[in-house]
Amino acid sequence: VTPQISKRNAKRTRVPSEQQLLLLETFLQSDGPTHGYDLMKATDLGPGTLYGVLKRYFDDGYLKRTTEIVQGRNRISYELTERGLHYAKRALLEAEYERAVNNEHRAAVDIVTKDPVEP
Amino acid sequence: MTPAPNLSPLAAMLLSVAHAIAPNKDKLWLEDMQLEAAFVPNKLRFAFSALKLALSFRWKTLKHNRPAALAFTSVALAALATLLFVPRLFVNQPTTNVAMTAPDTYETTSEYLEDAAAERGITAEAQAGGPAAEAPTQDAVAEAGPEVQEPIATVSPPAAITPAPQLEPRAEAAEPTDTSGEEASGDINQESLALEPAIPDEATVPIETTVPIEATAPSASSEPTPDAAAQADEAMSNSVATIAEAANPSNEENEAQAKQRNIPAPPTPSADTVVLSTQVRNPTVTLEAKESALLTIYSGSDFAGNPRIHRYLEPGEVLTLTIPFSLYTNNAAALSVTVDGSSFSLAETNTEQFRVFNRP
């Protein structure tokens with residue numbers, strides 16, 4: 001039986017945007033849990049956008065929330081789960097591949113345009 | 001979930017509203033944002049973003065329920081607009097007054113008089129020195145003495161200034177008692193004109209209006225005497241009274257002023273008076289004085305209330321009036337009326353006339 005992919009799931013399986021890739025890259029580069037404000041500073045995302053993406057990744061099981069006490073106050077930090085780690089690596093690799101292919105294609109187009117081969 | 005203690009009231013309120021708006025399954029993220037807001041420098045922007053995020057969460061839940069989505073969106077937008085604009089009402093912003101200025105208008109008559117005098121090169125010395133002096137000052141009258149018999153100041157207000165009725169100041173001054181001329185009467189002309197009240201008049205005066213101002217100067221050969229000084233004092237006090245009354249004229253005061261200036265009281269038609277009527281389609285009527293004539297204009301067609309204009313028109317003076325209005329003149333032959341494009345004289349002979357101009 002072919003699984004029916006709903007419109008909502010189809011949206012979620014789309015290629016992550018540059019901002020999402022940046023967020024995933026930040027998660028991969030961080031040593032441990034990261035706070036929301038640190039993520040905002042690292043990715044230059046707005047609060048609404050950042051927490052929207054975080055919610056989506058949390059719903060998909062890519063993130064886990066951890067409550068810490070910082071300066072006497074509760075603060076939530078976020079960390080990639082195992083599934084999220086795989087997803088982030090795969091997404092970054094795919095993005096890198098896409099970039100390479102596109103760059104290669106552009107380079108090939110440039111070569112053809114600049115030095116057209118005589119038939 | 002209580003907001004962080006170091007939040008501003010507005011940010012805390014926005015976060016609370018966002019938390020209330022968000023669906024239950026997404027409230028967790030709004031709580032996260034409330035906690036994180038304590039560590040964010042720009043807390044207000046953060047709170048607004050939280051509100052926007054909560055609205056987007058709520059919108060997704062209402063995606064397939066169009067009437068509810070519409071209602072919710074309307075309420076949410078109204079709330080957002082209120083939150084955005086209401087705080088600005090409490091911010092003291094400097095108010096900017098945009099003055100309606102026109103290049104040919106003056107705020108006060110005195111400004112115009114000064115400007116007009118400067119244009120014509122009239123100074124106090126010139127007024128006192130020559131027979132062409134038009135608006136003698138106190139000093140000028142006092143110094144001129146015998147040369148100035150009846151100086152007449154001709155004032156031409158601009159189009160934007162409506163001439164006040166029955167306020168042509170006439171100050172009859174006696175011989176000056178002081179050589180410095182401080183108590184002479186000539187200078188009250190401009191002052192009294194400057195204090196003339198701006199009577200709201202439907203009629204506008206498109207061209208120059210000549211307002212005669214007379215002041216009687218002392219004779220040449222007479223020396224200052226106690227009687228003359230008393231007369232000068234009386235004239236001065238009358239002039240000062242004229243200025244005071246002009247600032248706040250009433251009907252009775254206007255009548256008193258008119259008597260002082262030898263202008264009869266505004267007439268009203270008696271029971272046996274014949275009142276002519278002219279039906280006008282065009283709302284504006286133009287009156288042109290061919291000779292000097294006393295003109296009294298009332299608003300409306302019943303000669304009631306205070307007259308809008310009550311003074312002598314000078315030859316060549318043109319008034320543009322808006323119907324309906326009532327007119328009295330002591331010299332009907334002197335007035336030429338232009339109505340609906342046709343001009344005619346009010347009468348063939350020099351007679352008094354009451355006439356009403358109104359719509360057909």
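In chain A, residues 24 or more positions apart account for 55% of the contacts (heavy atoms within 4.5 Å) with a separation of 6 or more. The structure is a predicted model, in which local features need pLDDT of at least 70 and side-chain atom pairs count only at pLDDT 80 or more, while totals for chains, interfaces and linings use all residues. Residues are numbered from 1 along each chain as its sequence is written, chains are lettered from A and ligands numbered from 1 in the order in which they are written, and side-chain values use heavy atoms, with hydrogens and water left out.

**Chain A**

Five helices and three strands make up the secondary structure of chain A; helices (H or I, at least four residues) and strands (E, at least two) are DSSP runs, numbered from the N terminus. Along the sequence these elements follow the pattern α-α-β-α-α-β-β-α. Chain A has 119 residues, of which 34% count as buried, that is, under 20% relative accessible area with a 1.4 Å probe and protein chains only; over 50% is exposed, and partly exposed lies in between.

The strands of chain A form an open sheet of three in the order E1-E3-E2, with antiparallel pairing. Two strands pair if DSSP finds at least two bridges between them. The edge strands, each pairing on one side only, are E1 (34-35) and E2 of chain A. Strands E2(A) and E3(A) run antiparallel and are joined by eight bridges; A:Thr66 stands opposite A:Ser77 of E3(A).

**The interface of chain A and chain B**

The contact draws 21 residues from chain A and 20 residues from chain B. About 1,800 Å² is buried between chain A and chain B, and carbon and sulfur atoms give 66% of this area. Buried area is the accessible area (1.4 Å probe) that two parts lose on being put together, summed over both. A:Tyr51, A:Lys55 and A:Arg73 supply 33% of the area that chain A buries against chain B, more than any other three residues.

The rule finds three salt bridges across this interface, a salt bridge being a side-chain nitrogen of Lys or Arg within 4 Å of a carboxyl oxygen of Asp or Glu. One of them joins A:Arg75 to B:Glu36, with the closest N and O atoms 2.7 Å apart. On the side of chain A that touches chain B, the elements giving two or more residues are H3, H4, strand E2 (63-70) and strand E3 (73-80) of chain A. H4(A) gives the largest share of that side, seven residues.

**Local backbone features**

Two residues other than glycine with positive phi are set out below.

| Residue | Phi | Place | Relative accessibility |
|---|---|---|---|
| A:Asp44 | near 60° | loop between helix H3 (36-43) and helix H4 (47-59) of chain A | 68%, exposed |
| B:Phe303 | near 55° | loop between strand E6 (293-299) and strand E7 (309-313) of chain B | 7%, buried |

The loop that holds A:Asp44 thus lies between H3 and H4 of chain A, and both of these helices give residues to the side of chain A that touches chain B.

Chain B also has a cis peptide bond, which joins B:Ile323 and B:Pro324 with omega about 0°. B:Pro324 is placed in the loop between strand E8 (318-322) and strand E9 (325-329) of chain B.
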